[in-house]
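Got your viewer open and a hand on the mouse? Let's walk through this structure one selection at a time.

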Amino acid sequence: MSMKKSFFIVLVLLTLMSCHKSNSSKFTNTSRIPNPLLQSSAQEILNKLGFSFKIPEGAQEISYSIIADELAQMDFTWNAIKCCARIKASSQAEDISGCYYSWEKVYPAKISYNDVNVKYITESDGNIIVAATWYDKAPGISYSFTLSVPGIGPGNIDDVGELCRSLAEETWIQTQGEN
């Protein structure tokens, strides 16, 4: 092998090694991004964000978190169903559920004086995902309540939507007089 070829190979290897080193340092730096979800408590949510949740009868494994310093979340299980309630101050209606599906069905409902959108989808494993979202205009608060029902499969699942709406109403604390 000629000296020129050897020099060229060493130069290519050094270039590749420096590229690898700079790429790996990028991954190291991005792993230090703070997680926007912080474990919390009901009291801390009330103190920091001014929100509170009611706990439905039969709720178990209750946990709280604050997301991005602006959204309150309460997770729990109810009769083996995973549930998540969220609240966020907002100047307009926002879907804060964190569910991004092409819903099978969407229909209107009510929680007290609030108009609610209830939507659901059957996943390929037979689990049903249901979300209820609403906005209380006077105080400027967006709400969501989601649940995941394990493996009941396709069919008429309007009763699951009603269960979601009912549990959502149980977690909701009215912040103003009725309209």
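Here is a tour that starts with the whole chain and ends at single residues.

**Stop 1: the whole chain**

Before anything else, keep in mind that you are looking at a predicted model. Show the chain as a cartoon and color it by secondary structure. You should find three helices and eight strands. Walking from the N terminus, the elements go α-β-α-β-β-β-β-β-β-β-α. Now switch on the surface: about 10900 Å² of the chain is exposed, with carbon and sulfur atoms supplying 56% of that. Of the 179 residues, 40% count as buried.

**Stop 2: the sheet**

Select the strands. What order do they take in the sheet? Reading across, it goes β1-β2-β3-β4-β8-β7-β6-β5, an open sheet of eight strands with antiparallel pairing. Color β1 (37-40) and β5 (105-111) to mark the edges: each has a single partner strand, so one side of each has no neighbour in the sheet. Look along the sheet and you can see a turn from strand to strand, 20° on average between neighbours if you ignore direction. A bit of background while you rotate the view: strands in a sheet pair through backbone hydrogen bonds, in either a parallel or an antiparallel way.

**Stop 3: one edge, and a helix on the sheet**

Zoom in on β1 and add its partner β2, residues 59-67. These two run antiparallel and are joined by four bridges. To see one pairing up close, pick Leu37, whose bridge partner in β2 is Ile67. Next, select residues 42-49, which form helix α2. This helix packs on the sheet, where it touches β1, β2 and β3 (71-78). Its direction makes about 30° with that of β2.

**Stop 4: the other edge**

Swing over to β5 and β6 (114-122). This antiparallel pair is held by seven bridges. Click Tyr107, and then look for its bridge partner in β6, which is Val118. The two strands form a hairpin with two residues between them, and there Ser112 takes a positive phi near 55°.

**Stop 5: the nonpolar core**

Hide the cartoon for a moment and show side chains. In soluble globular proteins, nonpolar side chains tend to be buried together. Which residues touch the most other members of the largest nonpolar core here? Select Phe53, Cys83, Val130, Trp134, Phe145 and Leu147: they do, in a core of 35 residues. Bring the cartoon back to see who contributes. At least two core residues each come from β2, β3, β4 (81-89), β5, β6, β7 (128-136), β8 (141-149) and α3 (158-171). The biggest giver is β8, with five residues.

Now center on Val130. Leaving out neighbours within four places in sequence, its contacts include Val118, Tyr120, Phe145, Leu147, Val160 and Cys164. Apart from this core there is another one, made of five residues, among them Cys99, Trp103, Ile121 and Ala131.

**Stop 6: the salt bridges**

Time for charged side chains. The whole structure has five salt bridges. Start with Glu70 and Lys88, whose closest N and O atoms are 3.4 Å apart. Glu70 sits in the loop between β2 and β3, while Lys88 is in strand β4, so this pair links parts of the chain 18 residues apart. Are these two buried or exposed? Lys88 is buried at 12% relative accessible area, whereas Glu70 is partly exposed at 39%.

Stay on Lys88 and add Glu94: their side chains also meet in a salt bridge, at 3.0 Å from N to O. Glu94 is partly exposed, with a relative accessible area of 30%. For another salt bridge, select Lys110 and Asp115, which come to 2.6 Å, N to O. Lys110 counts as partly exposed at 43%, and Asp115 is exposed at 56%. Back with the earlier trio, shared partners join Glu70, Lys88 and Glu94 into one network.

**Stop 7: two loop residues**

Finish with two alanines. Ala68 lies in the loop between β2 and β3, and its phi is near 55°, a positive value in a residue other than glycine. With 41% relative accessibility, Ala68 is partly exposed. Then jump to Ala80, in the loop between β3 and β4. Its phi is positive as well, near 70°, and Ala80 is exposed, with a relative accessible area of 61%.

Technical notes. Residues are numbered from 1 along each chain as its sequence is written. This is a predicted model: local features need pLDDT of at least 70, side-chain atom pairs count only at pLDDT 80 or more; totals for chains, interfaces and linings use all residues. Side-chain values use heavy atoms; hydrogens and water are left out. Two strands pair if DSSP finds at least two bridges between them. Axes are lines fitted to C-alpha atoms, for helices over the stretch in contact, and angles run from 0 to 180 degrees between N-to-C directions. Contact means heavy atoms within 4.5 Å. A nonpolar core is a set of buried Ala, Val, Leu, Ile, Met, Phe, Trp, Tyr and Cys residues joined through side-chain atoms within 4.5 Å. Buried means under 20% relative accessible area, exposed over 50%, partly exposed in between (1.4 Å probe, protein chains only). Accessible areas come from the Shrake-Rupley method with a 1.4 Å probe; for residues, only the protein chains shown count as cover. A salt bridge is a side-chain nitrogen of Lys or Arg within 4 Å of a carboxyl oxygen of Asp or Glu.
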